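Q: Got a minute to walk through this model with me? I'd like to start with one lysine and go from there.

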Amino acid sequence: MKKDYFVRQLAENGYNVIYGAKKHFSTYDTVVKMPGRIAFITLSIGIWQIYKPGFLYNMEVSLALIIASIIALTISQYNSEKDRYRVIGNRLIQIHNELRDLYYQAISSNQEEYSHDSNETVMMKKLMDEFYEISISKQIFVSDWIAHYKLFFQSQYEWIDEQKNFTWKDKIPLSFRITVIGLLVFVILLFIV
């Protein structure tokens with residue numbers, strides 16, 4: 001395999017691994033932080049409803065509180081596995097860093113060809129095999145959106161961008177864009193009607 005293809009493959013694998021790590025951390029953060037936040041907000045609103053029992057939209061607010069409680073219960077189903085998500089996320093970061101080291105070694109090397117049994121390709125294959133083996137496929141709802149944010153707005157990914165040349169379309173998930181547009185259309189229609 002030519003050097004150009006090898007470094008591109010390293011960057012693609014690095015992206016997959018760091019994105020996987022960020023998804024694991026997204027699930028972990030959501031499970032750890034969201035139930036407490038939901039509880040605080042719903043309790044605060046519930047106290048306000050007691051203070052203002054004549055509020056015109058009390059039924060709708062109560063419905064929203066019930067839905068928020070159901071979401072918190074759904075999130076708490078991941079509670080028993082939360083530490084596993086953190087541990088695997090940390091290991092995936094280590095794998096990502098090892099792939100980055102291989103990338104920089106390949107970029108600075110005079111070697112122009114990488115065979116399937118060279119040390120570098122064997123190491124890359126070993127790291128990717130571990131990535132596929134330890135990754136958890138069951139992730140929490142919207143972990144993709146949070147992972148994109150964590151990757152593109154909180155991480156150093158320049159070495160991957162050298163090969164992949166990310167655009168704004170890569171950085172903001174399509175499902176998020178569609179959801180935001182749908183909500184905007186809904187709000188506009190709500191005000192028109």
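Q: Okay, where is K33 found?
A: K33 is found in helix α1. Helices here are DSSP runs of H or I with at least four residues (strands are E runs of at least two), numbered from the N terminus.

Q: Before I trust any of that, what kind of model is this, and how are things counted?
A: This is a predicted model, where local features need pLDDT of at least 70 and side-chain atom pairs count only at pLDDT 80 or more, while totals for chains, interfaces and linings use all residues. Residues are numbered from 1 along each chain as its sequence is written, and side-chain values use heavy atoms, with hydrogens and water left out.

Q: Back to K33, what happens to α1 there?
A: α1 has a kink of about 35° at K33, shortly before the proline P35. The bend at a residue is the angle between axes fitted to the seven residues ending there and the seven starting there.

Q: How far does α1 reach from end to end?
A: From first C-alpha to last, the 49 residues of α1 reach 69 Å, close to the 72 Å expected at 1.5 Å a residue. The expected span is 1.5 Å times one less than the number of residues.

Q: Why does K33 count as partly exposed?
A: Because its relative accessibility is 40%. Buried means under 20% relative accessible area, exposed over 50%, and partly exposed in between, with a 1.4 Å probe and protein chains only.

Q: How far is K33 from I75?
A: Their C-alpha atoms are separated by 10.0 Å, with the two positions 42 residues apart along the chain.

Q: Switching to pockets. What's the volume of the largest pocket?
A: About 390 Å³. Of its 15 lining residues, T30, M34, I75, V142 and I146 are the closest to the centre.

Q: And what's the recipe behind a pocket and its volume?
A: On a 1 Å grid over the protein atoms alone, a pocket is an open set of points with protein on both sides within 12 Å along at least five of seven lines, whereas a cavity is a set where a 1.4 Å probe fits but cannot get out. Lining residues have an atom within 4 Å of a point. Points are joined across faces, edges and corners, and the volume is the space filled by probe spheres set on them.

Q: Which helices supply the lining of the largest pocket?
A: α1 (3-51), α2 (58-76) and α5 (143-154) each supply at least two residues. α1 gives the most, with six.

Q: What's the lining like by class?
A: Nine nonpolar, two polar and four charged residues. Ala, Val, Leu, Ile, Met, Phe, Trp, Tyr, Cys and Pro count as nonpolar, Asp, Glu, Lys and Arg as charged, and the others, Gly among them, as polar.

Q: V142 was on that list. Where is V142 placed?
A: V142 is in the loop between α4 and α5. Its phi is near 65°, a positive value in a residue other than glycine. Most residues other than glycine have a negative phi.

Q: Does N165 belong in this bit of the chat, and what is its phi?
A: N165 also has a positive phi, about 50°, although it is not a glycine. It is found in the loop between α6 (158-164) and α7 (168-171), and at 52% relative accessibility N165 counts as exposed.

Q: New topic: how many salt bridges are there?
A: Eight, taking a salt bridge as a side-chain nitrogen of Lys or Arg within 4 Å of a carboxyl oxygen of Asp or Glu.

Q: What does K2 pair with?
A: K2 meets E113 in a salt bridge, 3.3 Å from N to O. K2 lies in the segment before α1 and E113 in the loop between α3 (82-108) and α4 (119-134), so the pair ties together parts that are 111 residues apart in sequence.

Q: And R91's partner E130, how far apart are their N and O?
A: 2.7 Å, in a salt bridge between the R91 and E130 side chains. This one links helix α3, which holds R91, with helix α4, which holds E130, 39 residues apart. R91, E98 and E130 are linked in a network of salt bridges.

Q: Where do D129 and K125 lie?
A: Both lie in helix α4, four residues apart, about one turn of the helix. Their salt bridge has its closest N and O atoms 3.0 Å apart.
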